[in-house]
Amino acid sequence: MEIKIGIQNIGREIVLESDQTADDVAALVSEALTKGTALSLKDEKGRVVIVPGNALGYVELGGEKARSVGFAAL
């Protein structure tokens, strides 16, 4: 699933692909916002992205997509 994170006062957004479900990520975002803790997400390659909860501007969760198999044109 694609996740886009906007940070306050920063022109660029963070974009990452994650294996986590939308519900799991939404729960982590809600916790970071309510408690003021850091939002920590892991991408598909095992890298960790940490963003301070008080700096979050927005978090956009993309739909979960099935992986395509083969060489057919989309």
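Two strands pair if DSSP finds at least two bridges between them. Strands (E, at least two residues) and helices (H or I, at least four) are DSSP runs, numbered from the N terminus.

Welcome! The model you will explore is predicted: local features need pLDDT of at least 70, side-chain atom pairs count only at pLDDT 80 or more, and totals for chains, interfaces and linings use all residues. Residues are numbered from 1 along each chain as its sequence is written, and side-chain values use heavy atoms, with hydrogens and water left out.

**Exercise 1. The elements**

Task: Find how many helices and strands the protein has, and in what order they run from the N terminus.

Solution.
- Step 1: Count the elements; there are one helix and five strands.
- Step 2: Follow the chain from the N terminus, and the elements run β-β-α-β-β-β.

**Exercise 2. The three-stranded sheet**

Task: Work out the order of the strands in the open sheet of three strands, and which strands lie at its edges.

Solution.
- Step 1: Recall that strands of a sheet pair through backbone hydrogen bonds, either parallel or antiparallel.
- Step 2: Look at β1 (residues 2-7) and β2, which pair in the antiparallel sense over five bridges. Here Ile3 stands opposite Leu16 in β2.
- Step 3: Inspect the link between these two strands; β1 and β2 form a hairpin with five residues between them, and Asn9 in the turn has a positive phi of about 65 degrees.
- Step 4: Turn to β5, which runs antiparallel to β1 and is joined to β1 by five bridges. Ile5 stands opposite Val59 in β5, and Ile3 has Leu61 as its bridge partner in β5.
- Step 5: Put the pairs together, and the order is β2-β1-β5, with antiparallel pairing. The edge strands are β2 (13-17) and β5 (56-61), each pairing on one side only. From one strand to the next, the twist averages 15 degrees.

**Exercise 3. The helix on the sheet**

Task: Find which strands of the sheet helix α1 touches, and what angle its direction makes with that of β5.

Solution.
- Step 1: Locate helix α1 at residues 22-35; the helix packs on the sheet and touches β1 and β5. Contact here means heavy atoms within 4.5 Å.
- Step 2: Compare directions; that of α1 makes about 170 degrees with that of β5. Axes are lines fitted to C-alpha atoms (for helices over the stretch in contact), and angles run from 0 to 180 degrees between N-to-C directions.

**Exercise 4. The second hairpin**

Task: Describe how β3 and β4 pair, and which residue of their hairpin takes a positive phi.

Solution.
- Step 1: Trace β3 (38-42) and β4 (48-52). They pair in the antiparallel sense over five bridges, and in β4 the bridge partner of Leu39 is Val51.
- Step 2: Check the five residues between the strands, where Gly46 takes a positive phi near 90 degrees.

**Exercise 5. The nonpolar core**

Task: Find how many residues make up the largest nonpolar core, and which element gives the largest share.

Solution.
- Step 1: Set the terms. Buried means under 20% relative accessible area, exposed over 50%, and partly exposed in between (1.4 Å probe, protein chains only). A nonpolar core is a set of buried Ala, Val, Leu, Ile, Met, Phe, Trp, Tyr and Cys residues joined through side-chain atoms within 4.5 Å.
- Step 2: List the members; the core has eleven residues, among them Ile3, Ile5, Leu16, Leu39, Val51 and Leu56.
- Step 3: Sort them by element; β1, α1 and β3 each supply at least two, and the largest share, three residues, comes from α1.
- Step 4: Zoom in on Leu56, which touches residues including Ile5, Leu33, Leu39 and Val51, not counting residues up to four places away in sequence.

**Exercise 6. Asp43 and the salt bridges**

Task: Is Asp43 buried or exposed, and how many salt bridges does the whole structure hold?

Solution.
- Step 1: Place Asp43 in the loop between β3 and β4. Asp43 counts as buried because its relative accessibility is 10%.
- Step 2: Search for salt bridges (a side-chain nitrogen of Lys or Arg within 4 Å of a carboxyl oxygen of Asp or Glu); there are two.
- Step 3: Identify them. The side chains of Arg47 and Asp43 meet at 2.9 Å, N to O. Lys35 pairs with Glu31, the closest N and O atoms being 3.7 Å apart.
- Step 4: Compare the surroundings; Lys35 is exposed at 59%, and Glu31 is partly exposed at 38%.
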